[in-house]
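Reader: I am new to this structure and would like a close look at a single part, the metal site. Please take me through that part slowly, and then through some of the chain around it.

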Amino acid sequence: MPELDSPLRQAPDSLMLTGFWYRALPADRVHRNQLHKAMLLEIPLVIGRDRAGRPFALHDACPHRGMPLHCGKFDGENLECSYHGWTFDAHNGQCQLIPSLTPDQTLKVDRIYAGSYPCEERDGFVWVYIPDPGPPGAGFAKPEEAPDLAPTVEKFSNKYKLAYLTADMPVSIDHGIIGLMDPAHGPFVHQAWWWRSRHSIHEKTKNFEPIPNGFRMSAHTPSSNSAPYKLLRLYAAAESITTTIDFVLPNLRRETIRAGKYWFSSLTTVTPITRNQCRIDVVAAWNIFRWMPFGPELLKFVFAKFVEQDRRTMELQAEGLKHNPHLMLIDDADRPAKWYFQLKAAYLEAKRTGGEMKHPMAGPVTLKWRS
Ligand code: FES
Ligand SMILES: [Fe+2]
């Protein structure tokens, strides 16, 4: 895709990428022997935990006549549809029983499947793998395997604390993601007397480099307004602090801050729920503030404020987007957003052709903006 000097008019396509793991629900909301509804990429899911506590995810529609399976009964192992009592293994979706069959009827029950999805618990969230849409074989298609494990929050010591925040955003995945990586909204959206005012705006220079499926804002001593960074400065000399921020398809933002033996690490995801709705989940791990009263609370407070400010902004933005206005992306502040769209296009192109994904960045790039 050519780089344009004039503002690039670009409307997000809101395409939701398959072939990836997505966060479905906070793990502490998924209880044993209970069924929970969730939606990912417009796919309705029923999520639960078996007797041993292991989570599972099934397509929330019975392969017989589409009854939502979350209305059924779950005994800790098998799920029984509430309409005609067909029973399915909760993990692989295989049909175990069709009560209406007489002994002489030879329908092979075990060839029927309720759609099931790879499902894992990681760092306080239940993750679900959404495969590429397969050939239509509804009811007889065996479950897919995930090619890799669900992403984790990076940790740098054995002892750490973990916390999460979650917020629904009434905008498409694309607006959710470019809103998350956008540096220019900070002084306007994230004002607070204890944080910064719009008058603190100043020129910044940041180095970026390509990484597989994404890009990295390279390690450096930040002059940043980042929340954990400001708090870390209470502990360590500014020069000793390094940080990296990675964005990786389809929706992962990793922030790592290290200062000697202290570290803070977060994995933020923007999950497509429907075409016009996404959810931001921040999971953070850290080993700082362990002795400091209110440390974690302070961090959570700051993060909750930020996420709420973003949520409110996107709620208002959704009003403006209702009537499909023309939009633009400008240099350099919107360059990461351009890379995101280019990465997405490159990923889809590689899928289409079956070839290698062509990374849109040729090498390291320095960007400048005022924020
Ligand atoms: S619809 Fe589920 S058993 Fe008939
Ligand atoms: Fe923000």
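Author: What follows starts with the iron ion and then turns to strands and a helix.

The model is a predicted one. In it, the iron ion (ligand 2) has as its protein donors His 185 (NE2), His 190 (NE2), Asp 310 (OD) and Asp 310 (OD), at 2.1 to 2.5 Å. Along the chain, the donors are spaced as H-x4-H-x119-D. His 190 sits in the loop between helix H2 (186–189) and strand E14 (203–211), while Asp 310 belongs to helix H4 (residues 295–321), so this pair ties together parts that lie 120 residues apart in sequence.

The angles among the 4 donor atoms run from 56 to 146°, and the site is irregular. To count as tetrahedral, four donors need all angles between 85 and 135 degrees. Water is not among the atoms, so sites may look incomplete. As for exposure, His 190 has a relative accessible area of 9% and is buried. Asp 310, at 15%, is buried as well; the cut-off for that word is under 20%.

Next come the strands. Strand E4 (residues 43–49) is mostly covered, with 6 of its 7 residues buried. E4 runs antiparallel to strand E3 (residues 35–40), and 6 bridges join the two. Met 39 is found opposite Pro 44 of E4. The hairpin of E3 and E4 has 2 residues between the strands, and Leu 41 there takes a positive phi near 50°.

E4 is also joined to strand E5 (residues 55–59), by 5 bridges and again antiparallel. Here Arg 49 has Pro 55 in E5 as its bridge partner. This second hairpin, of E4 and E5, has 5 residues between the strands, and Gly 53 in its turn shows a positive phi of about 95°.

A separate description concerns an open sheet of 3 strands, in the order E2-E12-E11 with antiparallel pairing. Strand E2 (20–26) and strand E11 (119–122) are at the edges with a single partner strand each, so one side of each has no neighbour in the sheet. On average, neighbouring strands of this sheet are turned by 35° against each other, direction ignored. Between E11 and strand E12 (residues 125–130) there are 4 bridges, and Cys 119 has Val 128 in E12 as its bridge partner.

Last is helix H5 (residues 335–353). Its 19 residues reach 27 Å from first C-alpha to last, close to the 27 Å expected at 1.5 Å a residue. Just after H5, Gly 354 has a positive phi of about 75°.

Definitions and conventions: Residues are numbered from 1 along each chain as its sequence is written. Chains are lettered from A and ligands numbered from 1 in the order in which they are written. This is a predicted model: local features need pLDDT of at least 70, side-chain atom pairs count only at pLDDT 80 or more; totals for chains, interfaces and linings use all residues. Side-chain values use heavy atoms; hydrogens and water are left out. Two strands pair if DSSP finds at least two bridges between them. Axes are lines fitted to C-alpha atoms, for helices over the stretch in contact, and angles run from 0 to 180 degrees between N-to-C directions. Buried means under 20% relative accessible area, exposed over 50%, partly exposed in between (1.4 Å probe, protein chains only). The expected span of a helix is 1.5 Å times one less than its number of residues. Donors are N, O and S atoms within 2.8 Å of the metal (3.2 Å for Na, K and Ca); water is not among the atoms, so sites may look incomplete. Four donors count as tetrahedral if all angles lie between 85 and 135 degrees; four count as square planar and six as octahedral if opposite donors are over 155 degrees apart and all others between 65 and 115; anything else is irregular.
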